[in-house]
Amino acid sequence: APSLRQNQRPIFYWLKTFWASQLLKARYIWDWTASRFHPRPGSFEDLVFLHLDYCPRLVHVLPLYTSNSSGCQSLETLEIVCCGDLREVFPLMNSESQQQEPRKFGNLKRIHLYELPMLQSICGRRMSAPNLETVKIRGCWSLRSLPSVCRPNGSGSTSSLPTVDCEKDWWDGLVWDGLEANHHPSLYKTAHS
């Protein structure tokens, strides 16, 4: 059996790209409850690109814990396509289930979600992506919220706003926390098909 010291090492701290395709039976990419290893502060902190496609039974991708608060801090691109059972990409575990502050994804620039009809959340009830540039969403009818973003600097220019390419009916059904939370439709630029 591994010693406690071995279990405390960061898991996959060096992983930069994760690409999975056609995992027809997988329910989770990582399930900490079934593992003797648990996330540490450095686990998954260097992950930059996450792509999943055609994983029809996948329920969640990677749980994030209070103990790995830097997990996914380097993530720039999130792409998930045709994962019909996916309910949440990064479920929050431990005390974050009562989440007061948004989980911050400071480097996230691109989100592309396609045909994820059961998806209810990307990361907990609230997440923040201050450097978000583009969002492409189709067929994610259960998703009710986008990340909070930064307000444009004084100029009021829409060129710095993240662009959302989505169905108009979906956009009209989103729930917002308000301008004071940097979570308002005026902080996005939309393009509807």
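**Strand pairing, core and ring contacts in the predicted model**

Beyond its neighbours within four places in sequence, Leu113 is in contact with Ile80, Leu119, Ile122, Lys136, Ile137, Arg138, Cys140 and Leu143. The model examined here is a predicted one. Within it, Leu113 belongs to the largest nonpolar core, a set of 45 residues in which Ile80, Phe90 and Leu113 touch the most other members. At least two residues of this core are supplied by each of β2, β3 (77–81), β5, β7 (134–138), β8 (163–166) and α2 (168–172).

Several of these strands are paired with one another. Strands β5 and β7 run in the parallel sense and are joined over five bridges, and His112 has Lys136 as its bridge partner in β7. Strand β7 is in turn paired with β8, again in the parallel sense, over three bridges; here Thr134 has Thr163 as its bridge partner in β8, while Lys136 stands opposite Asp165 of that strand. On its other listed pairing, β8 meets strand β9 (residues 189–192) in the parallel sense over four bridges, with Lys189 in β9 as the bridge partner of Thr163. Thr163 is thus a bridge partner of Thr134 and also of Lys189.

The faces of two of these strands can be told apart by their cover. In β7, Val135 and Ile137 form the covered face, whereas Thr134, Lys136 and Arg138 form the uncovered one. In β8, the covered face consists of Val164 and Cys166, and the uncovered face of Thr163 and Asp165. The opposed residues Lys136 and Asp165 therefore lie on uncovered faces, Lys136 on that of β7 and Asp165 on that of β8.The aromatic residues were examined through a search of the whole structure, which finds five aromatic pairs. One of them is formed by Trp19 and Phe49, whose rings are stacked, with 5.9 Å centre to centre and 15° between the planes. Because Trp19 lies in strand β1 and Phe49 in strand β2, this pair ties together parts that are 30 residues apart in sequence. The two partners are classed differently in their accessibility: Trp19 counts as exposed, at 53% relative accessibility, whereas Phe49, at 21%, counts as partly exposed. Elsewhere, Trp171, Trp176 and Tyr188 are linked into a cluster by ring pairs.

Two loop residues complete the description. Phe44 lies in the loop between β1 (17–21) and β2 (49–53) and is buried, with a relative accessible area of 6%. In sequence, Phe44 and Leu62 are 18 residues apart, and in space their C-alpha atoms are 9.4 Å apart. Arg126 is found in another loop, the one between β5 (110–114) and β6 (127–128). With a relative accessibility of 18%, Arg126 counts as buried, because the cut-off for that class is under 20%. The side chain of Arg126 makes a polar contact, at 3.4 Å, with the side chain of Asp177.

Notes: Residues are numbered from 1 along each chain as its sequence is written. This is a predicted model: local features need pLDDT of at least 70, side-chain atom pairs count only at pLDDT 80 or more; totals for chains, interfaces and linings use all residues. Side-chain values use heavy atoms; hydrogens and water are left out. Buried means under 20% relative accessible area, exposed over 50%, partly exposed in between (1.4 Å probe, protein chains only). Rings of Phe, Tyr and Trp (its six-membered ring) pair if their centres lie within 6.5 Å; planes under 30 degrees apart count as stacked, over 60 as edge-to-face and the rest as tilted. A polar contact is a pair of N or O atoms within 3.5 Å; within protein, one must be able to donate a hydrogen and the other to accept it, and residues adjacent in sequence count only if both atoms are side-chain atoms. A nonpolar core is a set of buried Ala, Val, Leu, Ile, Met, Phe, Trp, Tyr and Cys residues joined through side-chain atoms within 4.5 Å. Contact means heavy atoms within 4.5 Å. Two strands pair if DSSP finds at least two bridges between them.
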